[in-house]
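These are my notes from a session with one structure, written down in the order in which I looked things up.

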Amino acid sequence: MATPMEGIIIALMNVFLNSLTLQVAVALVVGSLLSRTFKYHAKMFIIVLMSFLVLVVPIPLFLFKPRWPLNALVPGIVACAFIRLFGVEYEIRGQEHINVRNGGVVLLNHQSAIDIVMLSRLLREFRNIVPVVKKELFYMLPFGIASYLVGVVFIDRKNTASAKDVMKREAVAITKDHLKLAIFPEGTRHDNDTLLPFKKGSFHVAVDSQSIIQPVVVSKYHFLDHKRKRFGRGRVIIKIFPEIPTKGMTKADVNDLTERCQQLMQTEFDALSAEAKQYCHT
């Protein structure tokens, strides 16, 4: 006859053997200890999965006020707390430059899939910010539905006419609802030291709506190396710049405005990245 202690051990073993989630979690932890490459994949998988779950689980609550950016506030807080357990923390500078009464375009440099957590952190500061993403993400159900309910804007990058129509509608929301569109002007993510040439779509939206442009620079993710499959610990420094008004500007000013923002953000990206490197541990 088994003792009470043996009974407890057997019960725990049965729970483990019958819990696929627990088995996967243990496998990820053990694998992370054995291989830095495995740690990279495990961390990326877990962060993306958690970002997915914290946004999908509250969908019924989002239905009370659909398309409201602050629906994502609590999920964002959870995601930021979770990534901090992995050794990644965010430092925000320039909050005094935020005016929630102004709608407009927020420019951000794009580095990784985990930028979704960075955007969640910025929501706590801006409160009226929604990202503009490629339409394909909408079909990642139920994540796409959850994203729609928190106000995410989906555009078809392959269909220029359709993308322009969507952005024209959002230009109205900028003025009417004081909404800020978070746009990655580089168009694609990368981990280079030099920002990619900016596309002009976001600048046209700002000029068309005669609203503001607000550059936000995110330091390089030195703790993350996609090529060598390394995911360590580090700090992300985010700097929010003063608003750049576009009132009175026309299409003729878009090229100069684009170049000005590109130079400003590249210079600050270099400075912040150099500073953030000292906090990196891979």
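I began with strand pairing, keeping in mind that this is a predicted model. I found that strand 2, residues 104-108, pairs with strand 6 in the parallel sense over 5 bridges, and that Gly 104 stands opposite Ile 212 in strand 6.

I then looked up other pairings of strand 6. With strand 10, residues 244-245, strand 6 pairs in the antiparallel sense over 2 bridges, and here I noted Pro 245 as the bridge partner of Ile 212. With strand 9, residues 234-240, the pairing of strand 6 is again antiparallel, over 3 bridges, and Ile 240 in strand 9 is the bridge partner of Val 216.

Next I asked which way the side chains of strand 6 point. I reminded myself that side chains in a regular strand alternate between the two faces of the sheet. In this strand, Ile 212, Gln 214, Val 216 and Val 218 point one way, while Ile 213, Pro 215 and Val 217 point the other way, and I found all of them buried. Because 7 of the 7 residues of strand 6, residues 212-218, are buried, I recorded this strand as largely enclosed by the rest of the structure.

Last, I turned to Leu 61, which I located in helix 4, residues 59-62. Is Leu 61 buried or exposed? Its relative accessibility is 57%, and since the cut-off for exposed is over 50%, I entered Leu 61 as exposed. I also noted that Leu 61 and Asn 71 are 10 residues apart in sequence, with their C-alpha atoms 8.2 Å apart in space.

Notes:
Residues numbered from 1 in each chain as written. Predicted model: local features only at pLDDT ≥ 70, side-chain atom pairs only at ≥ 80, totals over all residues. Heavy atoms only, no water. Buried < 20%, exposed > 50% of the residue type's maximum accessible area, 1.4 Å probe, protein only. Helix = DSSP H or I, 4+ residues; strand = E, 2+ residues; numbered from the N terminus. Pairing = 2+ DSSP bridges.
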